[in-house]
Amino acid sequence: MCSIVPPYLLARLAAAEDPAKATAAKAARRALTGFRKVESARSGPHAAPSRGSGTALTPSLRRTISDALGMEELPGTVVRSEGAPATGDPAVDETYDGLGATYALFSDAYGRSSLDGAGRALEATVHYGRDYDNAFWDGTRMVLGDGDGEVFERFSKSLTVIAHELTHGIIQYTAQLNYRDQAGALNESVADVFGVLVEQKLLGQTADQAGWLVGEGLFTAQVQGHALRSLKAPGTAYDDDVLGKDPQPASMEDFVKTSADNGGVHINSGIPNRAFYLTAKALGGYAWERAGRIWYDTITEPNFPADATFAVFAAATLTAAEKRYGAGTEESTAVQAAWTEVNVMV
């Protein structure tokens with residue numbers, strides 16, 4: 001299960017003793033239990049999806065939004081299908097629009113038809129659980145909780161969250177990065193990268209105009225923080241008495257060695273996140289065009305190693321830049337300089 005809120009943050013919240021955060025603490029404990037429940041449901045043998053080139057276009061986008069009605073059972077009751085009018089339920093309609101925006105980025109910018117490159121229907125479930133403090137990709141669909149109201153708002157409020165979780169689905173059909181250690185951190189980073197690019201494209205923002213935040217708007221006014229993660233400045237997204245300080249490193253010099261969180265997949269993703277930001281900043285303009293194209297070419301390269309380390313991924317992005325734009329070009333130079341700045345040697 002690839003989730004937007006890392007277990008270490010939920011653990012901090014679950015241990016909160018502030019009476020004003022009592023509902024949030026209880027919700028965080030349930031969310032942590034939910035990790036085990038969903039993982040257990042998926043623990044049986046599953047055939048890995050075949051990798052697709054992503055070039056076979058189909059004529060239309062297909063979206064289905066279901067409502068779990070506050071239960072932790074999937075898929076829930078279908079409440080909006082492709083082409084149906086808005087329901088008036090913010091979670092349903094925000095998710096419907098978010099699926100469309102994510103599809104549009106990959107289709108318009110990279111010629112990819114949906115997650116599998118062959119027009120796979122996009123499915124999502126909202127109102128999952130009671131005060132559920134997370135959103136996740138379960139291998140089949142995106143699932144969104146409503147938040148606890150004290151620390152987290154509803155998760156559909158953030159387009160970057162929706163796009164992040166759907167990108168895990170694209171990784172599932174392309175690079176198939178293992179969800180552990182550096183490969184897992186790359187999995188999270190790629191999802192963050194395209195999560196922000198979906199938002200930037202929808203808003204028409206250049207690299208200089210964008211905020212480069214994942215999960216902006218999720219925190220209530222009671223939290224000292226503005227997002228879950230920052231690609232521009234990892235480690236600065238929040239600094240709160242209850243949640244603690246954003247622990248993401250921005251360079252290999254501060255790489256966190258841990259067995260928790262599948263080997264630090266949500267923490268160490270800050271390093272490749274910043275490498276992408278630096279590449280996009282150096283190239284300027286719309287980040288989804290050249291920087292995003294290089295990252296997309298990288299994850300769709302046939303036989304990409306599922307256990308890739310940061311160094312392997314960095315080398316692959318340089319190869320992708322040189323293959324598309326040429327050696328010694330502005331693009332390849334920007335890629336190499338970005339990885340060098342975060343102390344990943346290409």
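**Exercise 1. The domain interface**

How much area do domain 1 and domain 2 bury between them, and what share of it is on carbon and sulfur atoms? Work it out on this predicted model.

*Solution.*
- Start with the bounds: domain 1 covers 2–173 and domain 2 covers 181–342.
- Next, place the two bodies. Taken over C-alpha atoms, their centres are 20 Å apart.
- Now count who takes part: 43 residues from domain 1 and 43 residues from domain 2 make up the contact.
- Then turn to area. The size of an interface is often given as the accessible area lost when the parts come together.
- Here, domain 1 and domain 2 bury about 3500 Å², with 65% of that on carbon and sulfur atoms.
- Finally, look at who pays on the domain 1 side: Y8, Y110 and T160 lose the most area to domain 2, and together they account for 19% of what that side buries.

**Exercise 2. Polar links across the interface**

Find how many salt bridges and polar contacts cross between the domains, then say which elements of domain 1 touch domain 2.

*Solution.*
- Begin with charge: the rule finds 1 salt bridge across the interface of domain 1 and domain 2.
- For a salt bridge to look at in the model, go to K201 and D108, whose side chains meet at 3.1 Å, N to O. The cut-off is 4 Å, so this pair passes.
- Widen the search to polar contacts, and 14 residue pairs turn up across the interface, both partners at pLDDT 80 or more.
- On the domain 1 side, the elements giving two or more residues are β1 (2–3), α1 (7–14), α3 and α4 (159–173).
- Of these, α4 gives the most, with 9 residues.

**Exercise 3. Unusual backbone geometry**

Pick out a cis peptide bond and two non-glycine residues with positive phi, and say where they sit.

*Solution.*
- Keep the baseline in mind: most residues other than glycine have a negative phi, and most peptide bonds are trans.
- First departure: L74 and P75 are joined by a cis peptide bond, with omega about 10°. P75 lies in the loop between β2 (63–67) and β3 (77–81).
- Next, S114 isn't a glycine, yet its phi is positive, about 70°. You'll find S114 in the loop between α3 (90–110) and β4 (122–126).
- Then N343, also not a glycine, has a positive phi near 65°. N343 belongs to the segment after α10 (330–341).
- Compare their surroundings. S114 counts as buried because its relative accessibility is 5%, while N343, at 33%, is partly exposed.

**Exercise 4. The setting of L278**

Is L278 buried or exposed? Which residues does L278 touch, leaving aside those up to four places away in sequence?

*Solution.*
- Locate the residue: L278 is in helix α7 (residues 270–283).
- Check accessibility. L278 comes out at 11%, so it counts as buried; the cut-off is under 20%.
- List the contacts: L278 touches A338, E341 and V342.
- One distance to try yourself is L278 to A207. The two are 71 residues apart along the chain, and their C-alpha atoms are separated by 9.8 Å.

**Exercise 5. An annotated stretch**

Take the residues that UniProt lists for "domain: Peptidase M4" and describe their make-up.

*Solution.*
- The unreviewed UniProt entry gives residues 89–172.
- Over that stretch the chain is 42% helix and 13% strand.
- As for its ends, the C-alpha atoms there are 30 Å apart.

Conventions. Residues numbered from 1 in each chain as written. Heavy atoms only, no water. Helix = DSSP H or I, 4+ residues; strand = E, 2+ residues; numbered from the N terminus. Buried < 20%, exposed > 50% of the residue type's maximum accessible area, 1.4 Å probe, protein only. Contact = heavy atoms within 4.5 Å. UniProt positions renumbered as here; feature names shortened; annotations may be inferred. Domains from an automatic or database assignment. Buried area = accessible area lost by both parts, 1.4 Å probe. Polar contact = N/O pair within 3.5 Å; in protein donor to acceptor, adjacent residues only side chain to side chain.
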